[in-house]
Amino acid sequence: MDSTDIAKTGWASITVSVAWTLATNKFRVESEVLKDLRDHVLLHLDPSVPLQHAEDQAQHLAREFVAKAQRRPHATPWAQDASMPLSPRWHKALEASLSSLSRAVFRQHYGNGRPLEGLEEALQVDLLTLEMARSGLREVIRDAAIKDEVPMEDWPAERMDALLQRLAAYSPGPCPPLAEVIDGLHPEHLADCPRCNRANRLIREGLLQPAELRPTPQPRPAGQVQVMALHFHPDGKRHLPAVAAEYAGGRTQALDGDLLLMEWSEPEEGRAVLRLAAELESPRREHLRGALLQGPGRWSRWGLLGPLGSRAREEVKTRSWGAVDGIGELPGPLPPPPSSRWWWAGVGLVTALSGVLIGAMLLSPAPNATPLEVQFTPGREGLWVAFDTEDTATVALVSLEGGHLQLRLQGESPVEKAEVATGDGSYRTHVQGEGALVVSAPGVLGDLPALIERSQRSDRPLEALAGRIRARYPEAQIATWIPEEP
């Protein structure tokens, strides 16, 4: 690594900026958090960035990091200001114009985040006088910026205050060795330098250890990640948690309720999840778009570290709705289940042809049985199962996977059946394996697990299970998809 890399030369200063932001935002300054946040900052910084700009960006990135970790909004109307470098001339203009009162307001209010009301007693000055001093600081910066042809005449007070907070942390340097400062050898410098003052306070309060200010042998993090950024349309963002929960190919992070970052370490599994979501209209394909990004970063318990999270939103806006990088156009929805009219009119024909059509079979319902409509559709190395029955019915779904029966659903109440409900009164899900059985009954299927266990010993377990259910629960209606004989 280049010896002039800011990751090495600015290690201590960036560490202080990060630790200070954590502490002032009531976030515990633990070793793991400090490392993750420092890496997050360094992954954003170009090796040749000036120290003062690196410190400024460290505070900005740390505030964003903490807000996301605390699940609170951080966006401001002037987000673009954070990328505007601070001018040393603005800092000099402040220093040249500060009275003792203005200096106290600048350091305590803007530098340490103390409200003006809290300074009345400490400074023995009334609130109106403090507000006038604060207004004077704003005007000093307006005038200095106008001289640099940066128009701030129309900036509201809140925007000026955000800039003054950044300037209150500006440390022009150079600084004496920090160990000497902490030992009290440079009291005047300690009083005037925010960088050294903050480092001294953090160490004195036990929030930072001196050893943490020494760079590691490889200070710049070198990780690379590949991330899928999914943008959910406002009409489809309610499906974001379900898509995240379905994906088992890596870690995920939700941002602002409509953007999902997925660790794209298992692309095939990720593509399958997104195709499935579109087919089930969870969300509809026109409510989803995705961009694949690759770059510096790593995953932590706080989510994705590095610049890809910030790039993702802008990058995904350039994609068309209904398309995802690496997939192209997402598939349309599965065909709806057959209507009741078609089902009851054609039940005799379906039964007659069941042996020919790979064993799709509906066993005849007993009198007073709950009506059951089922459609099996092979796909995705398994079966799509779509069915409809009475809302009050007990429903069970059993799959055959590698010759073994698996109870996938046994629901009596709407809550228990909600995981496969489509929202229109019917049900749809996908099961792995080569066969499946659906049961609808007016009463509880209490012995079903025992019947499954006994049927497992049969050479044709699905047929055996269907027979046992019919014998034990004559009022039940059963539909099966049975694999053809080898």
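## Exercises on a predicted model

Strand S12 (residues 394-401) pairs with strand S13 (residues 404-411) in the antiparallel sense, through 7 bridges. The model is predicted, and the exercises below concern its strands, helix contacts and nonpolar cores.

### Exercise 1: The hairpin

Task. Determine how many residues lie between S12 and S13, and which residue in the turn has a positive phi.

Solution.
1. Begin with the pairing: the two strands are antiparallel.
2. Locate one opposed pair: Ala396 faces Gln410 of S13.
3. Examine the connection: S12 and S13 make a hairpin, and 2 residues separate them.
4. Within that turn, Gly402 has a positive phi of about 60 degrees.

### Exercise 2: The three-stranded sheet

Task. For the open sheet of 3 strands, state the strand order and identify which strands stand at the edges.

Solution.
1. The order is S10-S11-S14, and the pairing is antiparallel.
2. Strand S10 (372-379) and strand S14 (427-432) each have a single partner strand, so they stand at the edges and one side of each has no neighbour in the sheet.
3. On average, neighbouring strands of this sheet are turned by 20 degrees against each other, direction ignored.
4. Turn to one of the pairings: strand S11 (residues 382-389) is joined to S14 by 6 bridges.
5. Ala386 has Arg428 of S14 opposite to it.

### Exercise 3: Helix H8 and its contacts with H6 and H9

Task. Classify the packing of H8 against H6 and against H9, and give the residue classes of the contact with H6 and of the contact with H9.

Solution.
1. Helix H6 (residues 100-111) packs on helix H8 (residues 127-147) at an angle of about 85 degrees, and their axes are 9 Å apart.
2. Angles of 65 to 115 degrees count as roughly perpendicular; H6 and H8 therefore belong to that class.
3. On the H6 side the contact involves Leu101, Ser102, Val105, Phe106, His109 and Tyr110, while H8 contributes Thr129, Leu130, Ala133, Arg134, Leu137 and Arg138.
4. Sorted by class, this contact comprises 7 nonpolar, 3 polar and 2 charged residues.
5. For H8 and helix H9 (residues 157-168), the axes come within 10 Å and cross at roughly 80 degrees.
6. H8 is therefore roughly perpendicular to H9.
7. From H8, Arg134, Leu137, Arg138, Ile141 and Arg142 meet Ala157, Met160, Asp161, Leu163, Leu164 and Leu167 of H9.
8. The contact of H8 with H9 has 7 nonpolar, no polar and 4 charged residues.

### Exercise 4: The nonpolar cores

Task. Identify which residues of the largest nonpolar core touch the most other members, and which element supplies its largest share.

Solution.
1. This core has 32 residues; Ile14, Val18, Leu22, Val41, Leu45 and Leu208 touch the most other members.
2. Two or more residues come from each of helix H1 (6-9), helix H2 (11-24), helix H3 (31-44), helix H4 (51-69) and helix H12 (194-204).
3. H2 supplies the largest share, 7 residues.
4. Beyond four places in sequence, Ile14 touches Ile6, Arg38, Val41, Leu42, Leu45, Ala54 and Ala58.
5. Another core, of 25 residues, lies apart from it; Val105, Phe106, Ala168 and Tyr170 are among its members.

### Exercise 5: Thr21

Task. Decide whether Thr21 is buried or exposed, and list its contacts beyond four places in sequence.

Solution.
1. Thr21 belongs to helix H2.
2. Its relative accessibility is 3%, and the cut-off for buried is under 20%.
3. Thr21 therefore counts as buried.
4. Leaving aside neighbours within four places in sequence, Thr21 contacts Gln59, Ala62 and Arg63.

Terms used
Residues are numbered from 1 along each chain as its sequence is written. This is a predicted model: local features need pLDDT of at least 70, side-chain atom pairs count only at pLDDT 80 or more; totals for chains, interfaces and linings use all residues. Side-chain values use heavy atoms; hydrogens and water are left out. A nonpolar core is a set of buried Ala, Val, Leu, Ile, Met, Phe, Trp, Tyr and Cys residues joined through side-chain atoms within 4.5 Å. Buried means under 20% relative accessible area, exposed over 50%, partly exposed in between (1.4 Å probe, protein chains only). Helices (H or I, at least four residues) and strands (E, at least two) are DSSP runs, numbered from the N terminus. Contact means heavy atoms within 4.5 Å. Axes are lines fitted to C-alpha atoms, for helices over the stretch in contact, and angles run from 0 to 180 degrees between N-to-C directions. Angles under 35 degrees count as roughly parallel, over 145 as roughly antiparallel, 65 to 115 as roughly perpendicular and the rest as oblique. Ala, Val, Leu, Ile, Met, Phe, Trp, Tyr, Cys and Pro count as nonpolar, Asp, Glu, Lys and Arg as charged, and the others, Gly among them, as polar. Two strands pair if DSSP finds at least two bridges between them.
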